[in-house]
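Reader: Could you take me through the packing of this model, one element at a time?

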Amino acid sequence: MSPTQLFISGIITISTLLAVDGFNGYYHYSVDQCRFSSWALSDLEYISSYWYNKAEFIRFNSTVGKFVGYTEFGVHNAEQWNKDQAYLEQMRAEKDRYCRGNAQIDINNILTKTVQPEVVLSLGKPSSGDKPAVLMCSAYDFYPKMIKVTWYRDDKEVTGSVVSTEELADGDWYYQIHSHLEFTPKAGEKISCMVEHASLKGPLEIVWDPSMPEPERNKIAIGAAGLVLGLIVTAAGFIYYKTKARGRILVPTN
Ligand SMILES: *[C@@H]1O[C@H](CO)[C@@H](O)[C@H](O)[C@H]1NC(C)=O
């Protein structure tokens, strides 16, 4: 993946709340967007739209170069605004005046920065009866959003029996993704999860260790520790009892 392929669309959004009426709220707002997918900004596009509640009723698209209405009211407004040459010229200049510099700032300071995912491979569900087991491959806290998660069984890519979530926004600029693999365990088989991301020098492969699932390992470790502790307490009690008993025997009674 080359960096340019990674960023499908960078969008700057400015939203202005123009009118709120009463507790139930009627929202009239405008959203300005600067859209681009190329870091050279060759496809930079400025979009300015007006919304009433959930409906966009008019939009200026720099590629079209004029306003387009989507409702009767919007169409009427578009006709009026498009007659105003000075206003149209001003809107057409926004792509360079407003978008270009800000988009360049985004590219320099955000899009070129990457953060590596933390990848965890775990058993979601062990197999039971004729139900397959589920392995879960999770990648946390990565940036940017574009990521590829693939599964391999004996070094062959698995295409079916894989379910993956979308990249989920954490709300703090980072993303996470979860991919599930359903499988029926086979002895001696190698299963791995492969993650590809712009922050990584190459694909990151994590191989599943089927020897024992982690929760089971933990249970056994806790059980063993409990057993050792129990033995120590028993031994201490026994020694204590023996010393006491011997002490009593040592006291002559006649
Ligand atoms: C703007 O208009 C162009 C040309 O019609 C179109 O290809 C593009 O998808 C439009 N952009 C948006 C965000 O609607």
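Reader: How many aromatic pairs does the count come to?

Author: The model is a predicted one, and two rings are paired here if their centres lie within 6.5 Å. One aromatic cluster includes Tyr46, Tyr50, Phe57 and Phe60, together with Phe67, Phe73, Trp81, Tyr87 and Tyr98. By the rule on ring centres, the count comes to 11 aromatic pairs.

Reader: Within what arc do the buried residues of α2 fall, seen down its axis?

Author: Helix α2, residues 72-83, reaches 17 Å from its first C-alpha to its last, close to the 16 Å expected at 1.5 Å a residue. Its buried residues are Gly74, Asn77, Ala78 and Asn82, whereas Glu72, Phe73 and Lys83 are exposed on the other side of the helix. The buried residues of α2 line one face of the helix, because seen down the axis they fall within an arc of 125°.

Reader: Which elements are included in what covers the buried residues of α2?

Author: The residues to be covered are Gly74, Asn77, Ala78 and Asn82, the buried residues of α2. What covers them includes two strands and a helix, namely β4 (55-61), β5 (66-69) and α3.

Reader: Which helix gives the largest share of the largest nonpolar core?

Author: The largest nonpolar core has 39 residues, and those with the most contacts inside it are Cys137, Trp151 and Val195. At least three residues of this core come from each of domain 1 (3-111) and domain 2 (118-214). The largest share, 7 residues, comes from helix α3 (residues 85-111).

Notes
Residues are numbered from 1 along each chain as its sequence is written. This is a predicted model: local features need pLDDT of at least 70, side-chain atom pairs count only at pLDDT 80 or more; totals for chains, interfaces and linings use all residues. Side-chain values use heavy atoms; hydrogens and water are left out. A nonpolar core is a set of buried Ala, Val, Leu, Ile, Met, Phe, Trp, Tyr and Cys residues joined through side-chain atoms within 4.5 Å. Buried means under 20% relative accessible area, exposed over 50%, partly exposed in between (1.4 Å probe, protein chains only). Helices (H or I, at least four residues) and strands (E, at least two) are DSSP runs, numbered from the N terminus. Domain bounds come from an automatic or database domain assignment. The expected span of a helix is 1.5 Å times one less than its number of residues. The arc is that of the directions from the helix axis to the C-beta atoms. Contact means heavy atoms within 4.5 Å. Rings of Phe, Tyr and Trp (its six-membered ring) pair if their centres lie within 6.5 Å; planes under 30 degrees apart count as stacked, over 60 as edge-to-face and the rest as tilted.
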